[in-house]
Amino acid sequence: MKQYWLQRLGAAIGLLLAVSALTFGAMNLLGDPLFNILGPTAASTTPEDLEIIAAAEAEYNLDDPLPVRYVKWASAFVTGDFGVQFSSDGQPPVSDLIKERLPRTLMLLIMAQTMAIMVAVPWALLAASKADKAVDKISTITAFLFIAVPNVGLAVILKYLFALKFSIFPLIYNASDPFWSRVWQMMLPAISLALPAAAIYQRLLRTDLITTLQEDYILTARSKGVSKRNVLFKHALRPSLFSFITIVGITTGALLGGSLIVEQVFIIPGLGSAIVEAILREDFPVVLAIVMIVTAAFVMINIIVDLIYSLIDPRVRTE
Amino acid sequence: MSAATDDIAETRGAASETVKANAEGAAVKRTLGIGFWIALIWLGIVFFAAAFAPWLPFKDPDANYIQRGERPPYPPSMAHPFGTDQDARDILARTAFGGRVSLTVGLVAIAMGMFFGGLMGILAGYFRGWWDRIFSFIFIILLSFPSLVLAILITSLLERSLRTISLTLGILTIAPVGRVARATTISFTEREFVLAARTLGAKNGRIIIRELLPNVVIPMSALALLGMGVAVVAEAGLAFLGLSVEKGPTWGKVILTGAGSRDLQKYPWIAIIPIVVLFFTVLALNFAGDRIRSYFDAKETAL
């Protein structure tokens, strides 16, 4: 078992190394970092300009061969030093920019995921306990509609309805507001991420619950006089959660992508806007840092999901 | 043990199959249902409008139809059924021409996924061993990337042409389709008719093409319809990050034109009408895919 987890960890690290090397290489070979820093001066050959170029190369570590630069960048990266921005004279350092932006994206993600789970579990329980009755059929149709809603479209429509037309939720995210008002400001963006996710969870959990409810031990419990309600909550829910957990883990990756886009709709200065700005300015260190953080988070979530899986299901552990 | 991640593709597919199996119980419906045909008609209209946009009586998507004495945008009217945007460009025409790009992206993406994912999945599922190890590893690598990040990465580095965007989204569909193809192939390889073909002396190539492919294609094509919806939505997402196809309108770009707070409040039709078109298209793709899957499923269980 220990060996398995070591293997998983090794694979994850290998993957991150591969991704970072590819990204780093592609960005440096396909783009021209020097040009992004200096502009037209980079192509000039006058003596003064050559001096400026040499100085910039030294400052931004561009004078080493590519593999050396990669190793330097990677070893700095793991210590939390993400390098200097190419644009805006390198201020603030990339790690400060990330420190400022990441918590907002993270908050949005956590809010969305919490909402989705809190909606999906009762919804699935209701649908499964009334399987094939009107409630269930309506909820299946609703779930189907929600799954088809694109995050972008939902975000725009929610913004139109609840922030502009009926000013129930605030329109503007203000980073300097106190914590709880920022939570309130993030409600709409979180809902636009949460609804489609909740629908996906609901469909899966409902199916698994119905399957579990057909097991013999449920019948035993019922015949011993356990109430329907207790059977549902105490006997059926937990064994039905396995694929639910998996899908929550996987969806987190998708939500992460979705949050970058929803941030754009609601003008939240998170990682989404950071990467858009960085791409426009071809600011490679920033793009690279965000890509690496998101990928690392994604890989970690996958491992954590497997870990939780083996914790709640003894069968997985012994295999 | 890699059950947790390995089973995803299967779980997702199996989930809705079980739903159907439970919902329909003993009385297996063999029809595709009226909803399926409505979905198909909608898709037909959208695809027709997109494919033949230059020859249909649409307005010029890039022309500015300024009306004298009035500042654009103009709300929906007889002349402009979907209204116009801030530059007085006809939104109906932009939606139709945008559909050309968005649907091409979806089609190319899923064709790539079907071809490469299907090929890799079937080979992995049929031969197992090293084929399986190599292809499954490739699938894992592809799935380890948050898909949008991969898309951002490629589109930010290369020119943002229709080809780049389509290929990028195509790469993203390979692993999910491949997983399903692999799982389905494995389940069919054990079946009697494959054994029968083998006993009759059929070679691997023949077994794969004549016996396995027809069975694997059905779940794959159901997934393809879903995948196409995902790719079309992904294009819209990329547009919001400024990374969609540079030239001409796309659905994402048309929506983006009207998504700013002020525009959305004053001229909601600019963003909302294309969103509705996008939503109905994705819904129709999902619904058709789901119906096809359960239709062929029913036949399977009835045997």
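**Figure 1. The surroundings of B:Y65 in the predicted model.** B:Y65 sits in the loop of chain B that runs between α3 (33-51) and α4 (91-127), and the whole model shown here is a predicted one. When neighbours within four places in sequence are left aside, the residues in contact with B:Y65 are B:K59, B:T84, B:A88 and B:D90. One of these, B:D90, lies 25 residues away from B:Y65 along the chain, yet the C-alpha atoms of the two residues are separated by 7.4 Å. B:Y65 counts as partly exposed because 16 other C-beta atoms lie within 10 Å, whereas a buried residue would need 20 or more and an exposed one would have 12 or fewer.

**Figure 2. Chain B and its helices.** Chain B contains 12 helices and zero strands, so that a reader who follows the sequence meets the pattern α-α-α-α-α-α-α-α-α-α-α-α. Of the 303 residues in this chain, 50% count as buried. Among the contacts in chain B that link residues at least 6 apart in sequence, 72% join residues at least 24 apart.

**Figure 3. Confidence along chain B.** The average pLDDT of chain B is 81, and 88% of the residues score at least 70. Over residues 1-26 of chain B, however, the pLDDT is below 50, although this stretch has 39 contacts in the model beyond near neighbours in sequence. Where pLDDT is low, the predicted coordinates should not be read in detail. For the model as a whole, the scores are ipTM 0.80 and pTM 0.82.

**Figure 4. Helix α6 of chain A.** Helix α6 of chain A covers residues 134-148, and its 15 residues should span 21 Å at 1.5 Å a residue. The C-alpha atoms at the two ends of this helix are 22 Å apart, which agrees with the expected span. The buried residues of α6(A) are A:S139, A:A143, A:I147 and A:A148. An α-helix has 3.6 residues a turn, so residues three or four places apart point the same way.

**Figure 5. The largest nonpolar core and A:I275.** The largest nonpolar core has 168 residues, and those with the most contacts inside it are A:V156, A:Y201, A:I275 and B:I255. Helix α9 of chain B (residues 204-240) provides the largest share of this core, namely 19 residues. If residues up to four places away in sequence are not counted, A:I275 touches A:L260, A:V287 and A:I290 of chain A, together with B:I152 of chain B.

Definitions and conventions
Residues numbered from 1 in each chain as written. Chains lettered and ligands numbered in written order. Predicted model: local features only at pLDDT ≥ 70, side-chain atom pairs only at ≥ 80, totals over all residues. Helix = DSSP H or I, 4+ residues; strand = E, 2+ residues; numbered from the N terminus. Contact = placed C-beta atoms within 7 Å. Expected span 1.5 Å × (residues − 1). pLDDT = per-residue confidence, 0-100. Core = buried A, V, L, I, M, F, W, Y, C linked by C-beta atoms within 7 Å.
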